[in-house]
Amino acid sequence: MMQFSNRSLEWILGTRYRWVQHLIFWVFTYMPHILLFLGITGKSPRGVVMLAYICVLALDMGLVYFNLYFLIPRFFLRRKYWAYLITTSGMVAFNSFFSTAIVPFFISKGATLTTSLQGFVESFVITTTILGTAVGFNIIKRFLRAQSRLKELETTGLKAELAYLKNQINPHFLFNSLNNIYVQSRTSPTDASESILQLSDLLRYQLYDCARDRVNLDDDIEYLENYLKIDKLRKTRAELDFTVSGNPQGVKVAPFLFIPFVENALKHGISLENESFIKIHFDIKPQELVFEIANSKPQQPMMAHLKGGIGLANISRRLDILYPGKYQLDIDNQRTIYKVRLAISQN
């Protein structure tokens, strides 16, 4: 149904079959005359009477197309409403007078150049209706085209903004990882070498797999686990608890959704002196994906000296773009514990 609607809209707004639309309009407008010409609703007119109808049709077509392609762009779209109204009214009046007086005068070969007020009013109303219908359709088409352009620009803008926000994470992630490896290189060169290999795997995943709009959740969970291995958690008094409930296979998510929260927990939740913890849990349900992370808040975090916060600053904006109306982000910032719960609808 949606595809049919989109095709119909493209047919209406496109220019390829514009002549078909115009033909349908004039056939519908002059249907009573066409039926009369075909002898369906009465005796088919001949000679000068048919010529009169053709002259009236030519007058109406001239009025409509002059209005659509000259008066509307020149006056109406430039907010010169009074100029448009006066000019259009004058043309409609001239068209009505010509239809009820001039045409019969020439058709009747010397008939008196007169027209009744009733005939003029009837012609004025009919002409105004025809013109109003044509102008109405034209304005609707212009409005739909404008909305289509706005939607296209909005989509393009959101894609550009999303790419910008996603790219912001890359240097932040690399900066933190290199700082962690630097600490390891001074305390345990062997661990630092392993971390470099793990970092290369992470960058490979980040550069190639995460270039897509969606990634596999199980790959993203493995990415987070490998990222945590780079840190010096096992050499500190920090407790790390990473659990997954449900089956992540087949679930698709946007890349880099969870790493900002993990980075934030590592930055503010780990202490070299005091007991600290990070707890990460994925709860995968058929209709919903829930990500929860909690960390302690020591007075002197191990990586508090690192500047950043780019990820958390843009994660809400990314969620608004990627999952509009389909997510709920709750942050509970207590005195000693920082908790985040992100629920994403899978519908």
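In this predicted model, buried residues make up 35% of the 347 residues in the chain. The chain holds ten helices and seven strands, and residues 24 or more positions apart account for 71% of its contacts with a separation of 6 or more.

**Exercise 1. Determine which residues of helix α2 are buried and which are exposed, and how they are placed around the helix.**

Solution. Begin with the helix itself: α2 covers residues 18–29, and the distance from its first C-alpha to its last is 17 Å, close to the 16 Å expected for twelve residues at 1.5 Å a residue. Next, take the residues with under 20% relative accessible area; in α2, Gln21, Phe25 and Trp26 are buried. They cover an arc of only 125° around the axis, which puts them on the same side of α2. Finally, turn to the other side of the helix, where Trp19 and Ile24 are exposed.

**Exercise 2. Describe the contact between helices α5 and α6 from the viewpoint of Ser96 and Ser123.**

Solution. First locate the two residues: Ser96 is found in α5, residues 81–107, and Ser123 lies in α6, residues 117–187. Then apply the 20% limit for burial: Ser96 is buried because its relative accessible area is 0%, and Ser123, at 11% relative accessibility, counts as buried too. Last, list the contacts, leaving out residues up to four places away in sequence: Ser96 touches Phe120, Ser123, Phe124 and Thr127, while Ser123 is in contact with Ser96, Ser99 and Thr100.

**Exercise 3. Work out the strand order of the five-stranded open sheet, and find which helices pack on it.**

Solution. Start with the order, which is β2-β4-β5-β7-β6 with mixed pairing. The edge strands are β2 and β6 (327–333), each of which pairs on one side only. Neighbouring strands of this sheet are turned by 5° against each other on average, if direction is ignored. Strands of a sheet pair through backbone hydrogen bonds, either parallel or antiparallel. For one pair inside this sheet, β5 and β7 run antiparallel and are joined by nine bridges; Leu289, for example, has Ile344 in β7 as its bridge partner. Now add the helices: α8 packs on the sheet, touching β2, β4 and β5, and its direction makes about 170° with that of β2. Helix α9 also packs on the sheet, where it touches β4, β5, β6 and β7, and its direction makes about 10° with that of β5.

**Exercise 4. Identify the residues and elements that build the largest nonpolar core.**

Solution. The core has 42 residues, of which Leu217, Leu257, Phe258, Val262, Ile280, Phe282 and Ile293 touch the most other members. To assign the core to elements, list those that give two or more residues: α7 (189–207), α8 (217–230), β2 (238–245), α9 (259–269), β4 (276–284), β5 (288–296), α10 (310–322) and β7 (337–345). Among these, α8 gives the most, with seven residues. Apart from this core lies another, of 15 residues, including Trp26, Tyr30, Val64 and Tyr84; Trp26 is also one of the buried residues of α2. As a closing step, examine Ile293 in the largest core: not counting residues up to four places away in sequence, Ile293 touches Phe261, Val262, Ala265, Ile278, Lys279, Ile280, Tyr338, Lys339 and Val340.

Notes. Residues numbered from 1 in each chain as written. Predicted model: local features only at pLDDT ≥ 70, side-chain atom pairs only at ≥ 80, totals over all residues. Heavy atoms only, no water. Helix = DSSP H or I, 4+ residues; strand = E, 2+ residues; numbered from the N terminus. Expected span 1.5 Å × (residues − 1). Buried < 20%, exposed > 50% of the residue type's maximum accessible area, 1.4 Å probe, protein only. Arc of directions from axis to C-beta. Core = buried A, V, L, I, M, F, W, Y, C linked by side-chain atoms within 4.5 Å. Contact = heavy atoms within 4.5 Å. Pairing = 2+ DSSP bridges. Axes fitted to C-alpha atoms, helices over the stretch in contact; angles between N-to-C directions.
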